[in-house]
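Here is a quick tour for anyone opening this one for the first time. Take a look at the picture, then read on.

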Amino acid sequence: SRSYEERIAVYRHVAAAVQGLGGVESVAFGANGPLEQGLGAGVRIVGGGPEGEPPNSGWQPVTPGYFRTLGIELRAGRTFDEGDRADTRHVAVVNESFARTVFPGRDPLGLRVTMGLDGHDRPLTIVGIVGDTRTAGPAVEPGPVLYRPIEQTDRFAAGAVFLAARRGPGGDPGAIERAAATAGPGLPRFDVRSGEQLVAPFRASQALMLTIMAAFGVTAVALGAVGAFGVGLHAVRRRRLEIGVRLALGATERRITVRILGGGLRSALYGVGPGVLLALALGRAMESLLFGVSADDLRVPAAAALAVLVLIMLSLLVPARIGAATDPVTSIRTP
């Protein structure tokens, strides 16, 4: 079996072969991908911290180009470079969720923590903060993650790594896979996917749920439209005598139409108002299904309410036109 150093050397050789391809902008590897939190462990702050159970965080060894390759933005400090070796000061980069969880209200840059996941409690100096990634899927809030230079994690087994390549416009996924196979003969390769394919399983479950909800919503809207049409037609027939009298006294068809529509919309407002309040109250439950939509965003219920009112008006338009076309003489004579 290969030693840790030999495994890392093989992975670096594969990464260099892929980097040499045309259309490949950058290559990196690490223990996990951006949609994984990695191994978890409690975090201790060197020199004192909050009492009680230490906060838990993910732990990921990565190469210096990991953040640039995956498009993870640097928020403060620096990321790793080739100078972060096993014989230099041991450092760490944390994500924004880690900074909020472990150091609430404090600047973590320059502070030291221990985790002990690679067999010791060697203090790690935090040198940078990067943006969060959705470590449990697009719909779940990011968790805290601590990144370490892969050269400084000598107890990391390195039995399997996540190899990431950023392609430019001319990049060929097949060429990348062939280059990796040639540079690392005998290395098993599995789960080769593009970035879009990585997030596809998360999107599929949400798409199914939203499709089901949309089907129920369309059914409810259709039933509501039919109901509004039936109620409007029934109301017009009941008020046929009143409508005939108004027409006989000089009311225009336009005025009758507007009167019927206005009465229907006033009744609809009695239901739309409580519906909007209920939607706001249940917004938190819906927020987990709609990525990037806040439960406090009033535009969504406002748009829904407007759509319902327009639909009701259209449903009442035919009954209103039927009422406006009533023959005054016939309506007065008919009991």
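## A nonpolar patch on the surface

Let's begin with M313, which counts as partly exposed because its relative accessibility is 35%, between the 20% limit for buried and the 50% limit for exposed. You'll find M313 in helix 9, the stretch that covers residues 299-324.

M313 also has company. Together with L306, V310, L314 and L317, M313 makes up a nonpolar patch on the surface. Add up the accessible area of these five and you get about 430 Å².

## The big picture

Before going further, keep in mind that this is a predicted model. The protein chain has 335 residues, and 35% of them count as buried. Its secondary structure comes to 10 helices and 10 strands.

How much accessible surface does the protein chain have? It comes to about 19100 Å², and carbon and sulfur atoms account for 60% of that. As for contacts in the chain with a separation of 6 or more, 75% of them are between residues 24 or more positions apart.

## A little network of charges

Seven salt bridges turn up in the structure. Some of them join up: E73, R75 and E96 are linked in a network of salt bridges. R75 takes part in two of the pairings here. With E73, the side chain of R75 forms a salt bridge at 2.8 Å, N to O; with E96, the N to O distance is 3.3 Å. That second pair ties together distant parts of the chain, since R75 sits in strand 5 (residues 74-77) and E96 in helix 3 (residues 96-102), 21 residues apart.

Are these three buried or exposed, or something in between? E73 is partly exposed, with a relative accessible area of 48%. R75 is partly exposed too, at 45% relative accessibility. E96 has a relative accessible area of 25%, so it also counts as partly exposed.

## A bridge across the chain

Another salt bridge brings together the side chains of E151 and R12, with 2.9 Å from N to O. This pair links distant parts of the chain: the two residues are 139 residues apart. R12 belongs to helix 1 (residues 4-19), while E151 is in the loop between strand 9 (145-149) and strand 10 (162-167).

Neither partner counts as buried, because the cut-off for that is under 20% relative accessible area. E151 is partly exposed at 32% relative accessibility, and R12 is partly exposed with a relative accessible area of 26%.

## A tucked-away threonine

Now for a residue that does count as buried. T133 has 12% relative accessibility, so it falls under the 20% cut-off. Its place is the loop between strand 8 (124-130) and strand 9.

Which residues does T133 touch, leaving aside its neighbours within four places in sequence? The answer is P34, I72, P142 and Y147. With P34 there is a polar detail to look for: a polar atom of the T133 side chain lies 2.8 Å from the backbone oxygen of P34.

Terms used. Residues numbered from 1 in each chain as written. Predicted model: local features only at pLDDT ≥ 70, side-chain atom pairs only at ≥ 80, totals over all residues. Heavy atoms only, no water. Salt bridge = Lys/Arg side-chain N within 4 Å of Asp/Glu carboxyl O. Helix = DSSP H or I, 4+ residues; strand = E, 2+ residues; numbered from the N terminus. Buried < 20%, exposed > 50% of the residue type's maximum accessible area, 1.4 Å probe, protein only. Patch = residues over 30% accessible without salt bridge, like charges linked within 9 Å, V, L, I, M, F, W, Y side chains within 5 Å. Areas by Shrake-Rupley, 256 points an atom, 1.4 Å probe, with all protein chains shown as cover. Contact = heavy atoms within 4.5 Å. Polar contact = N/O pair within 3.5 Å; in protein donor to acceptor, adjacent residues only side chain to side chain.
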